[in-house]
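Please read the following explanation with the structure open beside the text, and look up each residue as it is named.

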Amino acid sequence: MIVTDFSGRHVLVVGQRLAPAAQEALGQARFEIAAADRLDVLESLHRAMELVLIDAEAVDAVALVGAIGALADRSEPPAVLLAGAHLPTSVVRALMRLPRSDVLEPPFTGADLARAAGVLLQGAPPAAAPAHEVNARCWTVLGSVGGCGATTIAVELATILARRAGPNERVALVDLHLADGASSAYLGATPNMQLAEASISPDRIDNALLDVFATRVDERLDLLAAPRDPKAFSRVSQTAVCRLLETVCQVYDWIVVDLPRHHQPWTLDVLAGSDEVLVVSELTVPALLAARALAGEVEAELPQGAQPRIILNRLASRVFGPAPSLGEAEKALQRKAEGGITSDWEAAAASVNLGGSISHHRPRSKIVRDISVLVDRMMQPTEAQRRRA
């Protein structure tokens, strides 16, 4: 049961701006107030202190990381509640070392503060938010072979979706190439998703942490991508990935996932939760055979899930040459291709080098035209989706 009576509880408030709200919300608690520049008081905190409230927007981030680290090194650290938005990744990582901690994003009421403090003092994890209807739509893109252009297509899908979305809708591009994802480099953005650290306590992945992980690309598009880490796939848990996507679906209306083709423990979870699965192939025989095999594997593993759509990338008009024609490609695939993306090397290379989507740097590119047609087609709900609705 959440603590509601704070009488006699020892509470330290760091940041005088936060003190009035804390004193109003926590009633008869025994308060100690420290200025925002006095984080050093945390290093000599007496053992009776039960809760530390910190105005994270008023203190120095570097000093805050050190102070939280000092608390984490104690055998029985107090509960810590940070009040603030857009916290630096270093602060979030430090906070995860504590057994009891939370973030309260302003604006918040006295009741919000009291509830968060009550949960921490009880020693239980924050209660889950009431279940609500999630209407987010998720499109997952994976390549049949390396270098076939799956990440380029995922970036363009997300960019075009952001432009087509309604005035209050938001789009997320989630790069699950955790070891060496390229979407951040393609967009000229900084990867902030520290999913390995979040795997220590996956239940702490919530809207506030998602805000730290996300990199704003434009007004309606956010990127969730991890910094390069060769050991990331062994460090990130299945629970953390699923919790991340669950939270993303609660915050965003449209999600595009750039999924590695090599199976991970969480691959089928991602595919099962997708409304569309796009398998990207180039026009080479090995790639086409790999696309056929990959689509078949997905259908066998998830017979009730979204049926994979095969997208042929880098189509080029030809009279003579070694590349298979569309008909020959579909014969190798043993199925119809959902669509084709015309090759435009100059537009793709220029956009990557400049940092940004092809839609931004070369809006008249044939790539943009073809992916726009694909987006229009997929934005219409399928018969299966209508039945579910």
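Helices and strands are runs assigned by DSSP and numbered from the N terminus, a helix having at least four residues and a strand at least two. With these labels one can place Gln334, which lies in the loop between helix H13 (326–333) and S13. The model is a predicted one, and every value below is computed from it.

Gln334 is a useful place to begin with the backbone, for its phi is near 60°, a positive value in a residue other than glycine. Gln334 is also exposed, with a relative accessible area of 61%. A positive phi occurs at Arg314 as well, where the angle is about 65° although the residue is not a glycine. Arg314, however, has its place in strand S12 (residues 309–315), and at 36% relative accessibility it counts as partly exposed. Another backbone feature is the cis peptide bond that joins Pro106 and Pro107, with omega at about 0°. Pro107 is found in the loop between strand S5 (101–104) and helix H4 (110–122).

From these local features we can turn to the sheet. Eight strands form an open sheet in the order S8-S9-S7-S10-S6-S11-S12-S13, and the pairing is mixed. Strand S8 (215–216) and strand S13 (339–342) are the edge strands, since each of them pairs on one side only.

Within this order, follow strand S6 and its partners. S6 and S10 pair in the parallel sense over five bridges, and the bridge partner of Trp139 in S10 is Val256. S6 is also joined by five bridges to strand S11 (residues 276–282), again running parallel, and there Gly143 has Val280 as its bridge partner. Strand S7 (residues 171–175) runs parallel to S10, to which five bridges join it, and Leu173 stands opposite Val256 in S10.

How much of S6 is covered? Seven of its seven residues are buried. Arg137, Trp139, Val141 and Gly143 point one way from the strand, while Cys138, Thr140 and Leu142 point the other way, and residues of both groups are buried.

Trp139 also takes part in a ring contact. The model has two aromatic pairs. One of them is formed by Trp139 and Trp254, whose rings are 5.6 Å apart from centre to centre with 75° between their planes, an edge-to-face arrangement. Because Trp139 lies in strand S6 (residues 137–143) and Trp254 in strand S10 (residues 254–258), the pair ties together parts that are 115 residues apart in sequence. Both of these tryptophans are buried.

The helices can be read in a similar way, beginning with H2. Helix H2 (residues 61–72) has twelve residues and reaches 16 Å from its first C-alpha to its last, close to the 16 Å expected at 1.5 Å a residue. At its start, a side-chain oxygen of Asp60 reaches to within 3.3 Å of the backbone nitrogen of Val62. Which residues of H2 are buried? They are Leu64, Ala67, Ile68, Gly69, Leu71 and Ala72. An α-helix has 3.6 residues a turn, so residues three or four places apart point the same way. The buried residues of H2 pack against strand S3 (51–55), strand S4 (79–83) and helix H3 (89–95).

Helix H16 (residues 366–379) offers a second example, with 14 residues and a reach of 20 Å from the first C-alpha to the last, close to the 20 Å expected at 1.5 Å a residue. The N-terminal end of H16 is capped by Ser365, which has a side-chain oxygen 3.1 Å from the backbone nitrogen of Ile367. The buried residues of H16 are Ile367, Val368, Asp370, Ile371, Ser372, Leu374, Val375 and Met378.

Finally, consider the cysteines. How many disulfides does the model have? The count comes to zero, where a disulfide would need a pair of cysteine sulfur atoms within 2.5 Å. The sulfur of Cys148 cannot make such a bond because the closest cysteine sulfur, in Cys138, is 18 Å away, which is too far. Cys148 is buried, with a relative accessible area of 1%. Cys242 is likewise in no disulfide, and the nearest cysteine sulfur, that of Cys249, is 11 Å away. With a relative accessible area of 30%, Cys242 is partly exposed.

Methods. Residues numbered from 1 in each chain as written. Predicted model: local features only at pLDDT ≥ 70, side-chain atom pairs only at ≥ 80, totals over all residues. Heavy atoms only, no water. Expected span 1.5 Å × (residues − 1). Buried < 20%, exposed > 50% of the residue type's maximum accessible area, 1.4 Å probe, protein only. Contact = heavy atoms within 4.5 Å. Polar contact = N/O pair within 3.5 Å; in protein donor to acceptor, adjacent residues only side chain to side chain. Phe/Tyr/Trp six-rings, centres within 6.5 Å; stacked < 30°, edge-to-face > 60°. Pairing = 2+ DSSP bridges.
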